[in-house]
Amino acid sequence: MTTIQSSKQPSHQHPDPESSDEQLTRFNKSLKELRDLRSQLHYAADHCEATFLSANNRKVVIEDTKHYICEAVVTVVDHLGSISSNLNGLLIGDFKVSQTEIQIDCMKQRILACQNYTHHLCLSNTRWKVEFPKHQQHYILSNPPITNKTGGSRDASCPDDSKSTGNAELSVVKFSIAKAIVDIGSPGDKSTSSRTQDSESSPKSSNSCDPLLGPQARGAREYHTKRPAAQGSNFLSFLRRSKRSAYRKILYG
Amino acid sequence: MARAGGITNAVNVGIAVQADWENREFISHISLNIRRLFDFLLHFEATTKSKLASLNEKLDTLERRLELLEVQVGTASDNPSIFT
C-alpha cells in the first residue's frame with residue numbers, strides 16, 4: 001500500500017512586506033502539491049480496491065484503507081490550510097499598493113504645487129505689464145491730462161505740469177507788460193483814444209469777447225491784432241511826454 | 001454440535017454487524033469532515049473573491065490616478081511656455 005507524502009505544515013505567518021515574494025513562492029508550491037495529491041489519492045483508491053478484491057484477509061485491507069483515508073483527509077486539510085494561509089497573507093499584505101498610493105499622492109501634491117505656481121505667474125503677468133506703449137514727443141500734448149510717460153507715476157508727470165504752468169505765467173507776464181504799455185500810451189495818443197472810443201462806441205467790438213476766455217484774453221487778442229501801430233505810437237508819445245516833463249522841470253525849476 | 005454451530009454463526013453475524021456499524025460510523029465521520037472541508041472551501045472562496053475584488057478596485061483607482069498624472073505631465077510638457 002502506498003503512503004501519502006507528508007506535506008509541509010501550514011505556516012501561519014504574519015504578512016511581511018519584505019517576504020512577499022517568498023510567500024508567493026510558497027503559495028505556488030503548496031498549490032502544486034495539492035494538485036499532485038489529487039492524482040495520488042486516485043491512484044491510492046484504485047490500489048485499495050484492487051487489494052480488497054484480491055486479498056484473502058479483507059478485514060486487514062479495510063483497516064489499512066481506513067487508516068489511509070484518515071491520513072489522506074488530514075493531509076488534504078493541511079494542504080488547504082497552507083494554501084489559504086499563504087493566499088490570505090498575500091492579500092492582506094498589500095504593502096506595495098499602499099506604498100504606490102502614497103507615491104501617487106506625493107506626485108499629485110507636486111503637480112498641484114506646480115499648477116499653483118504657474119497660475120501665480122500668469123496672474124502676476126496679467127496684473128502688471130512693464131512695457132507700456134511709447135509715443136513720439138511731438139505727438140504728446142503740452143498739457144496732457146493723464147498721459148504718463150513712465151508708467152503713470154505722478155512724479156514723472158510733474159516736470160510737464162511745471163513746464164506748462166511756467167509757460168502760462170510767462171504768457172501772463174507778457175500780457176501784463178503789453179497792457180501797461182497800452183495804458184501808458186493811450187492818454188496822449190489821439191488815434192488810440194479815438195480807436196478806443198470807436199471800440200467803446202461799437203458794442204459789437206467791445207462785447208465781442210469770448211465769455212469763456214474772459215477780458216484778459218480779449219486784451220491779449222487786441223494787443224496781438226493792434227500791436228505794430230500801438231507800439232510805435234506809444235513809444236513816440238512816451239518820448240514826447242518825457243520831453244515835456246524835462247522842459248517843465250527846466251522852466252519852472 | 002448443531003446447537004454450538006448455531007451459536008457460533010450468531011456470534012459471527014453479531015461481530016459482522018458490529019463491524020458494519022463501525023464502518024458506517026467511520027464513513028459518516030469521514031463524510032462529515034469532508035462536508036466541513038467543502039464548507040470551508042466555499043467560505044474561503046467567498047472571502048478570497050471579496051479581497052481580490054477590493055484589491056482590483058484599488059489597482060483600478062491607482063491606474064486611473066496614474067493615467068491622470070500622465071495626462072497632466074504630458075500637457076505641462078507640451079506647453080513649456082507656461083513655465084517661462
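Me: Which residues gather in a patch of positive charge on the surface?
Reply: Keep in mind that this is a predicted model. Lys and Arg count as positive here, so look for those two types on the surface of chain A. The patch of positive charge is made of R240(A), K243(A), R244(A) and R248(A).

Me: In which helix of chain A is R240(A) found?
Reply: Let's stay with R240(A), one of the residues in that positive patch. The helix holding R240(A) spans residues 227-252 of chain A. Its name is α8.

Me: How many helices and strands does chain A come to?
Reply: Try reading along the sequence of chain A: the pattern goes α-α-α-α-α-α-α-α. Chain A comes to 8 helices and 0 strands.

Me: What percentage of the residues of chain A count as buried?
Reply: A residue is called buried if its relative accessible area is under 20%. Chain A has 253 residues to go through. The buried share of chain A is 21%.

Me: And chain B, what share of its residues is buried?
Reply: The cut-off is again under 20% relative accessible area. Chain B has 84 residues, and its accessible surface is about 6,800 Å², with 62% belonging to carbon and sulfur atoms. Buried residues make up 10% of chain B.

Me: How far apart are the end C-alpha atoms of residues 45-79 of chain B?
Reply: Chain B has 1 helix and 0 strands. UniProt, in an unreviewed entry, lists residues 45-79 of chain B as "coiled-coil region". That stretch is 97% helix and 0% strand in the model. Its end C-alpha atoms are apart by 50 Å.

Terms used: Residues numbered from 1 in each chain as written. Chains lettered and ligands numbered in written order. Predicted model: local features only at pLDDT ≥ 70, side-chain atom pairs only at ≥ 80, totals over all residues. Heavy atoms only, no water. Helix = DSSP H or I, 4+ residues; strand = E, 2+ residues; numbered from the N terminus. Buried < 20%, exposed > 50% of the residue type's maximum accessible area, 1.4 Å probe, protein only. Areas by Shrake-Rupley, 256 points an atom, 1.4 Å probe, with all protein chains shown as cover. Patch = residues over 30% accessible without salt bridge, like charges linked within 9 Å, V, L, I, M, F, W, Y side chains within 5 Å. Salt bridge = Lys/Arg side-chain N within 4 Å of Asp/Glu carboxyl O. Charge placed at Lys NZ, Arg CZ, Asp CG, Glu CD. UniProt positions renumbered as here; feature names shortened; annotations may be inferred.
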